[in-house]
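Q: I would like a close look at a single part of this protein, with its surroundings described step by step. Please take the sequence and the structure below as the starting point.

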Amino acid sequence: MTGHMDPLQLILLLAATGLSAPVNVTVVQGVAGWPLKVFCPYDASKYWAKRKAWCRQLGEEGPCQRVVSTHRSWLLSFLKRRNGSTVITDDTLGGTLTITLRNLQAQDAGLYQCQSLQGSKADVLSQVLVEVLADPLDHQDSGDFWVPEEPERFEEAQVEHSISRYGDRSS
């Protein structure tokens, strides 16, 4: 599986990013080719009027590259904003930032951040490790997934059943 990190790599990556405060990492898994929704809850009383962003952590010590951010006016933060197939919307009352990756791809796997922006400063609301699982129906041997074994067993069960009933009647 491409882009998959084992826990040790992740710990090393987090150590290397030198975050001032330890931030919990949420792991979300999605299936390639399907949409993936990521929810970043935050303290609404503190961040409700702040602009939010979704960014991708580049390398171990690299910057967090902005993918998409909410509307400049927090009054309009509930409106969906899009960059390519990534959509962001902010529920300021509920304190939840929602990011939708509309067509998840293997290369989307990696470490991301939900941020609250204030001037040039960004507070990390949460860190999200996106893992992408291969779509089992994408493979050429997908026929194997649809081998119908159940009906055969079902017929056998029916046959056994009718024989035993027939036997009961004759006795």
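How many of the six residues of strand 7 (residues 96-101) are buried, and what follows for how the rest of the structure encloses the strand?

A: The model is a predicted one, and what follows should be read in that light. In strand 7, which covers residues 96-101, five of the six residues are buried, so the strand is largely enclosed by the rest of the structure.

The partners of strand 7 help to place it. Strand 2 and strand 7 run antiparallel and are joined by six bridges, and strand 6 (residues 86-91) is likewise antiparallel to strand 7, with six bridges between them. On the side of strand 6, V87 has T100 of strand 7 as its bridge partner, while on the side of strand 2 it is C40 that stands opposite L97 in strand 7. Strand 6 and strand 7 form a hairpin with four residues between the strands, and within this hairpin G95 takes a positive phi near 70°. As a general point, strands of a sheet pair through backbone hydrogen bonds, in either a parallel or an antiparallel manner.

The residue opposite L97, C40, leads on to the disulfides, of which the structure holds two. One of them is formed by C40 and C114, whose sulfur atoms lie 1.8 Å apart. Because C40 lies in strand 2 (residues 36-41) and C114 in strand 8 (residues 110-118), this pair ties together parts that are 74 residues apart in sequence. The link of C40 and C114 is right-handed, with 50° about the S-S bond, and both of these cysteines are buried.

The other disulfide joins C55 to C64, with an S to S distance of 2.0 Å. Its torsion about the S-S bond is about 90°, so the link of C55 and C64 is right-handed. The two ends of this link can be described separately: C55 counts as buried because its relative accessibility is 0%, whereas C64 has a relative accessible area of 24% and is therefore partly exposed, given that buried means under 20% and exposed over 50%. When the bonded cysteines are counted along the protein chain, the disulfides follow the pattern 1-4, 2-3.

Through C114, which lies in strand 8, the description reaches an open sheet of five strands, arranged in the order 1-9-8-3-4 with mixed pairing. Strand 1 (25-31) and strand 4 (64-69) stand at its edges with a single partner strand each, so one side of each is left without a neighbour in the sheet. On average, and with direction ignored, neighbouring strands of this sheet are turned by 35° against each other.

Within this sheet, strand 8 and strand 9 (residues 121-133) run antiparallel and are joined by nine bridges, and L111 has L129 in strand 9 as its bridge partner. Strand 8 also contains S116, which is buried because its relative accessible area is 3%, below the 20% cut-off. Leaving aside residues up to four places away in sequence, S116 touches Y47, K50, R51, K52, K121, A122, D123 and L125.

Taken together, the path starts at strand 7, largely enclosed by the rest of the structure, passes to strand 2 through their six bridges, and continues by way of the disulfide of C40 and C114 to strand 8, which is itself joined to strand 9.

Terms used
Residues numbered from 1 in each chain as written. Predicted model: local features only at pLDDT ≥ 70, side-chain atom pairs only at ≥ 80, totals over all residues. Heavy atoms only, no water. Disulfide = S-S within 2.5 Å. Helix = DSSP H or I, 4+ residues; strand = E, 2+ residues; numbered from the N terminus. Buried < 20%, exposed > 50% of the residue type's maximum accessible area, 1.4 Å probe, protein only. Pairing = 2+ DSSP bridges. Axes fitted to C-alpha atoms, helices over the stretch in contact; angles between N-to-C directions. Contact = heavy atoms within 4.5 Å.
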